[in-house]
Amino acid sequence: MNLGLVMGGGGLVGIAWELGVLAGLQEAAGLDPTSAAVIVGSSAGSVSGAQAALGRDLGDLVERQLRTASSQRAPAAAGTAGSRTAPDADRAGNSGQPRSVPDEILEAMMSSTGSIEERAAKIGQMAMEADVPMEEDAYVESFRSFLGTDRWPEVDLRVTTAEVETGRSVLWSRHDGIDLVRAVASSCTIPCFFPPVSFRGKHYVDGPRGGYMARLAGEKALDGVLFVGPNAAMPPQLTRQVELEELAEKGMPVVMVTGGNVMAGIGMDLMNPAMRARAAEAGVADGREAAPQMKALLG
């Protein structure tokens, strides 16, 4: 079947959980991500989606999450539920110090006022003016250890981001001339936290974007969609889910895996390295639980 695999945002913890879900679905439902007609990755999902598209061993990736997380301690600033700080341990974009996402960015991300483009442009402007502790080149390079290659996979991988200058939603592919590491970095750039990522005179950040699922479903003649993303109550994630719900209402078979009790307990504490092992294990369990739905979708 022509399957669309959509990987949502979720921070450092979301990467661990999403890899666990894919591993659980592979084990219990026979899912092979590399057989998907298209894989769409947003923010954290661009990292987990790229690794899946590259054909990496999902079990090994989960084990790596467990091993790395067990050797780390979260800083005090990241140790409570609802934390919106970045840890100082082993992550792409590591700045060396915990930092908080500014309140004005959180408010803008949560806002539903104006179009997606207007909100993204507003956030992008704040990101361009922000003083961040990391240079763009170092930030982009930090993703190389996650991905291990600059080359796009043979699988049709699409990576979402938002263009600062216009606020338009961008869906990178291997045909756009941007290397994989830079594309993924642009999807993960938390505004005012990390530097905007540049390409051909434009800048890109992780901000509101959408409007591509119906187009992709038609372009790729999809028979069904699997969405994997923690159910964090942030508009960018909800926008993707609404788009998929609209496809489902039109008859497209859609399976959504958004997390059980463990991820609900983690809540918005998605940048805390101490939560990675817990999230990875929960992801495997959530993937196994969703296996009957996945089997039905795969036929």
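The protein has 13 helices and eight strands, and the model from which the exercises below are drawn is a predicted one. Buried residues make up 58% of its 299 residues, and of the contacts with a separation of 6 or more, 77% join residues 24 or more positions apart.

**Exercise 1. The nonpolar cores**

Task: Identify the residues that touch the most other members of the largest nonpolar core, and state which helix gives this core its largest share.

Solution. Begin with the core itself, which holds 68 residues, and in which Tyr139, Trp172, Val184 and Leu226 touch the most other members. Next, ask where the members come from: helix H1, residues 11-29, supplies ten of them, the largest share. Finally, set apart a second, separate core of 15 residues, which includes Val6, Leu216, Ala217 and Leu222. As background, nonpolar side chains in soluble globular proteins tend to be buried together.

**Exercise 2. H1 against H12**

Task: Decide whether H1 and H12 are roughly parallel or roughly perpendicular to each other, and describe the residues that meet.

Solution. Start from the geometry: H1 and helix H12, residues 276-289, pack at an angle of about 30°, and their axes are 6 Å apart. Angles under 35 degrees count as roughly parallel, and H1 and H12 are therefore roughly parallel to each other. The crossing of the two helices is right-handed. On the H1 side the contact includes Leu12, Ala16, Gly20, Gly24 and Ala28, while on the H12 side it includes Ala279, Ala280, Gly283, Val284 and Gly287. Sorted by class, the residues of this contact comprise eleven nonpolar, four polar and four charged.

**Exercise 3. H1 against H13**

Task: Work out how H1 and H13 are oriented towards each other, and list the residues that make the contact.

Solution. Helix H13 covers residues 291-298, and its packing angle with H1 is about 65°, with the axes 9 Å apart. Since the range from 65 to 115 degrees counts as roughly perpendicular, H1 and H13 are roughly perpendicular to each other. H1 passes H13 in a right-handed crossing. Leu25, Ala28 and Ala29 of H1 make the contact with Ala291, Met294, Lys295 and Leu298 of H13. By class, this contact of H1 with H13 has six nonpolar residues, no polar ones and one charged.

**Exercise 4. Three loop residues**

Task: For Ala37, Met134 and Cys188, determine whether each is buried or exposed, and find a residue that is distant along the chain with its C-alpha separation.

Solution. A residue counts as buried under 20% relative accessible area, which is the cut-off for each step.

- Ala37 lies in the loop between H1 and strand S2, and at 17% relative accessibility it counts as buried. Val225 is 188 residues away in sequence, with its C-alpha 10.0 Å from that of Ala37. Beyond four places in sequence, Ala37 touches Asn2, Leu3, Asp156, Lys220 and Leu222.
- Met134 is found between helices H5 and H6, in the loop, and is buried because its relative accessible area is 12%. The C-alpha atom of Pro195, 61 residues away along the chain, is 6.9 Å from that of Met134.
- Cys188 sits in the loop between helix H8 and strand S5, and with a relative accessible area of 11% it is buried. Cys188 and Ser46 are 142 residues apart in sequence, while their C-alpha atoms are 7.7 Å apart. Leaving aside neighbours within four places, the contacts of Cys188 include Ser43, Ser46, Tyr139, Phe143, Phe194 and Asp206.

Technical notes: Residues numbered from 1 in each chain as written. Predicted model: local features only at pLDDT ≥ 70, side-chain atom pairs only at ≥ 80, totals over all residues. Heavy atoms only, no water. Core = buried A, V, L, I, M, F, W, Y, C linked by side-chain atoms within 4.5 Å. Buried < 20%, exposed > 50% of the residue type's maximum accessible area, 1.4 Å probe, protein only. Helix = DSSP H or I, 4+ residues; strand = E, 2+ residues; numbered from the N terminus. Axes fitted to C-alpha atoms, helices over the stretch in contact; angles between N-to-C directions. Parallel < 35°, antiparallel > 145°, perpendicular 65-115°, else oblique. Left-handed = near helix turned anticlockwise from the far one by under 90°. Contact = heavy atoms within 4.5 Å. Nonpolar A, V, L, I, M, F, W, Y, C, P; charged D, E, K, R; others polar.
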